[in-house]
Structures are given as C-alpha cells and as structure tokens.
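Visitor: Could you take me through one part of this model up close? I'd like to pick a single spot and work outwards from there.

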Amino acid sequence: MKKVSSADVMGKNRKALILAAVMVVLAIILMSLPAYEFGATLLTKRSGNTFVGDERYVKAMDEVNAAADEFRQQGFEVEISEQVTERVNSKGEKTSMVAFSVDSTTRYSAWDFLGAGLPSTKVLVLILVCIAGSLALAAAGARGAMDVQHYSLNGRARNLRNAACWLAFAALALVPVFAMVNTHTFSRQITLFAGGMGGEGTAELVERIGAFLYGDAVSGDLGDLLSGVTYRTTWSLWALIPVLFALLCGLIMLLKGELVSVLSRGAMYLFIIGMSILILYPFYVMFITGFRSNAETTDMYFLHMLPTQWIWSNMKDIIGRGVLRYLMNSIFLSVGATTIAMLCGIPAAYAMARMKFKGKNIFLGFVIMSQMFSPVVLLVGISQLMNTLKLNDSIIGLMLINAAFNQAFAIWLLRGTFLSISSEMEQAACIDGCNTVEALIRILLPMAAPGIVTTLIFVFINAWNEYTISTVLISTPANKPITVGITQFSSFNMIEWQYLFASALLATIPVVILFMCIEKHLAAGLTSGGVKG
Amino acid sequence: MDSILVRHKWEPYVWLLPSIVLMTTFVIFPIMIVFKLAFSEISKAGIVGGFVGLQNFIDAVKAPAFGPVMINTFIWVISVVGLSTLIGFIMAMVLNQDFHGRKIARSIVVFPWATSLVIQASIWNYIIKFEYGNLNNVLLNLGIIKEAINWRATYQIEFMWECGVGIFVTIPFVTFCVLSGLQSIDAAYYEAATVDGANFWQKLRNVTIPLVMPSLTVSTVLNIIYVFNSFPIIYTITKGAPANKTDTLITYLYMLAFYDQKKGPATALSVIGFTILCFVSGIYMMITMKKEDA
C-alpha cells in the first residue's frame, strides 16, 4: 500500500471536519430563514350594486381599511385586494359587485416551530439534537487521532465517528419527516376538524394551530378560519437537505477516508428498500382491507391506515361462499399442469440442447410460434376443441391447456440452462457406456437443478394465474379455480372489497409460503451449481 | 457445438414426441379452428356458415375503435416490456451483489408473482380509487399530500396506471431470468477483468451483458408475447372503458367476441395480431439465432 504521510492525513481530516462544521452553521442559518409561508383571508366584504369610485364603494373601502389597520396593529402583514364583477341586470342596466378581501401573509422560520407545541416540534428537536450530536461526536472521535489513517483507527475513535455518521443521516432523513408532519397537521387535521371527523386530541391540536398562527388576534369559528388557510413550504426548508447531505459526506470522509463506495452502497440500499416497499405495498393493502368492515373499505374521509376493528369473520363469510373449494381446484390445476409441462418439456429441451437432428431449427421456430396466440385469442377454438374431447367444464381440460401453453416457455428456459452447462461430463459418460437417459437423469438434471426449479416456478405461477380460459370454459361453480371464484365478490354495481381481498389473501398465502421454500432451495442449488468439478 | 452421442437417428424425435403431441393438440388445433373462423360467416348465435373471403377483416378494420386500439397496444407493449426489462435488469444486478438481507430481498421480489394478475389488478384498482382508494388514504395520513388526488382523472391516466401495473407485475419475471443468467457467470471472468483494470461500466458492457444475453433474449421474447397477450389487468381496472379507449387488441377482441357477439371480426383481429407478433418475433428470432451460431 502507498505510504501516506501523517501530515496528509491530518490535512484531509481537518478539511472533512471543517466541511462538517461549515454545514452545521449553514443549516442553522437556513433554519432561521422562513420555512413556511401561511396565507389566510382574515376578512371579506362584498359591496353590491356599486361602481368603482362611487359612494358605496368608498364607504366599503373605508371599512375594510379600518379593519386592515387594526390587523396591522396586531402585527399581521396584511394586503387588501379587490375583485370587481360586472354584469347586466334584467332591466339592461350595468351593475357591478366589488369584493374586498384582507389577506394576511405570515412567515415562520424553523425556530418558530420550536415553541409552538405542534407535533412537528418534537421532530425539529430531534433534528437539532442529531445535528449537534453528530458534530460533537465527530469532534470527539477526531480528537487525538487526526493524523491516523482511517483503517488504523482505534475502536473508540471509529465508534464515535461511526455514530456521528448515523446521527447526520438521521437528521437528513428527519427533514422530510418534519415537512410531512406539518402537512398532516395543517391540512389533514384541519379538514377532519372542519368535517367534524377528528378523533380525540384533534380539537386541542386545532386550538394550538390557531394560537400558533394568530395568537389571540382572531376570534370566531376556528374551523372555518383555518380551513381557508393556505400554506407553502419555502426553498430554505428543502435547502436543508443538500446541506445535511454535505454534512453527512464530510463525516463519512472522516470515517472511511473516501466517499464513492459508501455512497454507492447507500444508494443501493435505498433502491432495495424503495423497491421492497413498492412491492409489499399492494400486499399491505390486501391484508388490511381483507380485515376491514364494509363501511371502512369505502370510507370517504380516509380516516385510518389500519382497520379500527379487525373483522375476522370476513374469513368465515368467504369460506361459507365456497372459497376453500376454489383453492383446492387451483392447487390441483397448477400441480397437474406443472407436472405435465415438465414431463414433456425436459426431454424436448434435452434433445434441443444436446442432440443434432434434422428439423431442429424448425422445431425451435414452432416452439416460439406456439406462444404467439394467446389463449384469449384461441378461446373460440379451444372451447370447440374441448367440446369435441368432452373436456369442457373440467379441471383436467384446464390442466392440459395450461401445460400446452407453457411448453414453449419451459423448453426455451430449460434449453438455455442445459446449453449453459458443459456437455463434457455427459460425453465422457456416453463413452463409458452410459445411455442418453442415464446421462440426462444422473448427470445433467442435478447440475441443471437451478434452471429446472426456475422453470417449475414459472409454469406453476402461470397456471395459478390463469384466468381467461377458466372464465370461459368453466361454468360449474364447483370446478372454478380461485382466480375465477373471487370475481363473484365484484359485481358490476357493487364490489365487496373486504371479501374480495380476504379471499385473495387466502389464495396468496399458500403460494407465498411455497415460494419461500423453493427460494431457499433455489439459492442452495445455484451456489452448488456454481462450483466447478 | 456441444452434442452427445446418439445411437439411433430417430432418437431425438422420440425425446420430442410428448411435447409435440401436447402442443399440436391444444395449441395448433385451436389455431386452425380460429383461422377457419376468420374466413367464415358466423351468425350471432355462433353458427358457422360458408367462406366469406376478407369480409370479417374489412368489418374489423373499419370499426372506429380499431385505430386507437392498435395505438394503445403499441404503447402498452413498448412501455411495459421496455421499462420492466430495464428495471428488472437493474434489480437482478443489485440482487446479485452481496449485502445484508439479500435473501429477504430476493424473496420479496418474487412476491408479485405469488398473486395472480386478477388479484394484483383488483388491488391496484382499489388503491387508485379517488373516493376511498388506499393511495390517497396512505399519502394523506402520512402528510405527503395536502388533499385527496384523483389518480384516475382521465382515461389516458388510467391507461398509464394500467401500464404501470403491467410493469410492476412483469419485473419479477425479468429479474429472475437475468439473475439466473448472472449467477451462472464464472467469477473468474470478473477477476480477470479486474486484473486488467476494467471499471464497473467496462465490466458491465464486456462481461455481464454478453454473458446474460441468452437469458435476456428469452425473457424479452416471451415478455413481448405475454405482454401483448395480457388480459386481466386492463379487463379488471377499466374493462376498456370509456368506449374502447383503454383497450388493447386482446381485450378489445374479447369484448367483440363475448360481449358484442361479433365472433367474425374478433377472429379476424386475432389473425391480425398473430401476424404482427410473427413479424416482431421473427426479427428477434433471426437476431438470436445468428448470435448463437456466431
């Protein structure tokens, strides 16, 4: 490794510390700038049948001006605006209406929130603690070890610097939380309060919001007044994010001596977490909605993220409506289709990958072609065929069709897997007198296990997902697979969401569990397949 | 080529036989029936009459919905296949890295598969409801939005949601195809590239992509076909409403055949769709086979 002088290390660490300190100062400056701008109409006055400049107009304007002055004395920044609407009345005379409004604009910096006693106050305190703590810990971690390379730091210095990084990260992550909590307070709580839907504590909170925004200046119905409040977040709050990010970068420099690998790793984790949340989100929806009461599934006020009461009897209700039977049908159908598809597909893929014969490319083309037509397109043809074969309205018929339509896919994937495995061992075995069947079963299949399992999963899932053919072919309720069975809960004019999702949940859980088992097997198979020899 | 000894000339055909029988019976026969119907007169009751030449095709193409439906189909296939391949590839690259919780992340990725398309589509249909949908619920309660947003204000936006759901459910497929390709790559290639001083992008371009290409080819060809033929998402979320404006070819011809009882034009459309897919896949197949020979 290249020898780095301790003076270089010292300089680097000093720079990182200075960057962190400057960013903390910058953050404090930003927090002193206005973070939120509130606008509210304090007073409106309409004056009918007036024209700009006439007696009535002047009188109304005087009144408005007087009121505005009063507000100004109370410390509000107010603006008067007027809006003139002209029209012609039934007698053909021109009339107009003038509407005056006194609007206030108030700006609050982050510090103002500190004493407000709003929910976001706690978040703000946390942010401040995190920022101050990170700088303090970084300084403590740097003390006495400024000239030590990051990889030869002692445990204490490393731990302190590490903690500093995490605190800075927490501060960064809490800034959007601060904004979210404020949005929740100023929009959601006020909407609920005005609609009379607020839970315990809402009234108290609204009182506090009123006190925060207006002090004692405004009397009257707080709900009315506050629901007219508009607000926006200013740039200085969002500017905190890059500043705190720079702080984090400085502290990472102090801990690791470099940035790129840490940041790219962080970005990777963010990507994974983001995708996981996105993927799990529909499952969360299915889960909570399946246990909601009917009224709560169509709640216009969006009151609760979780069911207030977990209605377990939804499960009992759907079982009473035949869902278990549908599930059994689906399992039978998928297992059968997968078995048939693999029994036909593995030999075909083996021949395609390992043997030379005339018409190989024609067969390959045929395999692709057979996937061109979707079952939907072929429905008319399929139902005629099934009628002839006396397989309509039966699960066996569905099984065969699913197997057939997944053939091409299975062969493609298996052939790819077989081709990726060297044929040397099979060739050797063949020379030793092993026949092709033995070569396939003893040598190729164990080595191709990951690919086979992947194929198996795909076919199983496709059969499990199949919806369209079943809809048309199966008319007897007792033979319906679950995908068709659940549609009975969503009729044209009414959808029983809680039953739909409760049965969807039952349909999903077994497959998820199966997947988890196979996934382990898959990982093990893949690693063992990767080892040569 | 890696091929093994075969004792008899007819042996490969025996290996192929079960597959051929299965596909001929349940895929080829229905195709033949559909082709026959496309050129026949079919009454509303479904009684097949005589040969009518191209009359069914003329009826199908002249329908006012035909143009928009074809455009929708094009957007649907391109956006879903393109974006899901891109995102799935990135996901596979990430999942192939070593990180804490990799096993959990890998299990989570297969989750969308574990649910059938009808169920996924029903869930998303509920999520994006304006009046009581869960997306508004979550975003409002978390304080991310100020007031409920109408997520499906116009049919164009609804169609975009459908494409989004299509991408969402297709990603796991691509991810797993690419991942199994990535895992079969010998680590020695990367070691050699590292010794030669290759950076991340050079490794990606010169080692990873060429070696995953076979897996990616399979997944893309089949994706085009599956996505083109996809039915439940659009059928569940909008049913093609309003007035076939969000239909793709497949949902449109289902409606024609089973709601409007116009089986003639419907089978004609399916022949048209078949031709398009043959064309697309033919080009792709030629590229693939060329690469495999090289």
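Visitor: Leaving aside its neighbours within four places in sequence, which residues is Phe418(A) in contact with?

Guide: Sure thing, and keep in mind that this is a predicted model. Skipping the neighbours within four places in sequence, Phe418(A) touches Ile346(A), Ala349(A), Tyr350(A), Ala353(A) and Arg354(A), plus Leu444(A), Leu445(A) and Ala448(A). Now zoom out a bit. The largest nonpolar core has 182 residues, and Phe418(A), Trp76(B) and Leu269(B) are the ones that touch the most other members. The top contributor to this core is helix 15 of chain A (residues 395–420), which puts in 16 residues. There's also a second, separate core of 69 residues, with Ala35(A), Phe71(A), Ala116(A) and Ala164(A) among them.

For another place where the chains come together, look at helix 5 of chain A (residues 155–194) and helix 6 of chain B (residues 134–142): their axes come within 7 Å and cross at roughly 105°. Since angles of 65 to 115 degrees count as roughly perpendicular, that's the label this pair gets. On the chain A side, Met180(A), His184(A) and Arg188(A) do the touching, and they meet Leu140(B), Asn141(B) and Leu142(B). By class, that contact has three nonpolar, two polar and one charged residues.

As for chain B itself, it has twelve helices and two strands. Of its 294 residues, 55% count as buried, and its C-alpha trace spans about 75 × 70 × 30 Å along the principal axes.

Key: Residues numbered from 1 in each chain as written. Chains lettered and ligands numbered in written order. Predicted model: local features only at pLDDT ≥ 70, side-chain atom pairs only at ≥ 80, totals over all residues. Heavy atoms only, no water. Axes fitted to C-alpha atoms, helices over the stretch in contact; angles between N-to-C directions. Helix = DSSP H or I, 4+ residues; strand = E, 2+ residues; numbered from the N terminus. Parallel < 35°, antiparallel > 145°, perpendicular 65-115°, else oblique. Contact = heavy atoms within 4.5 Å. Nonpolar A, V, L, I, M, F, W, Y, C, P; charged D, E, K, R; others polar. Core = buried A, V, L, I, M, F, W, Y, C linked by side-chain atoms within 4.5 Å. Buried < 20%, exposed > 50% of the residue type's maximum accessible area, 1.4 Å probe, protein only.
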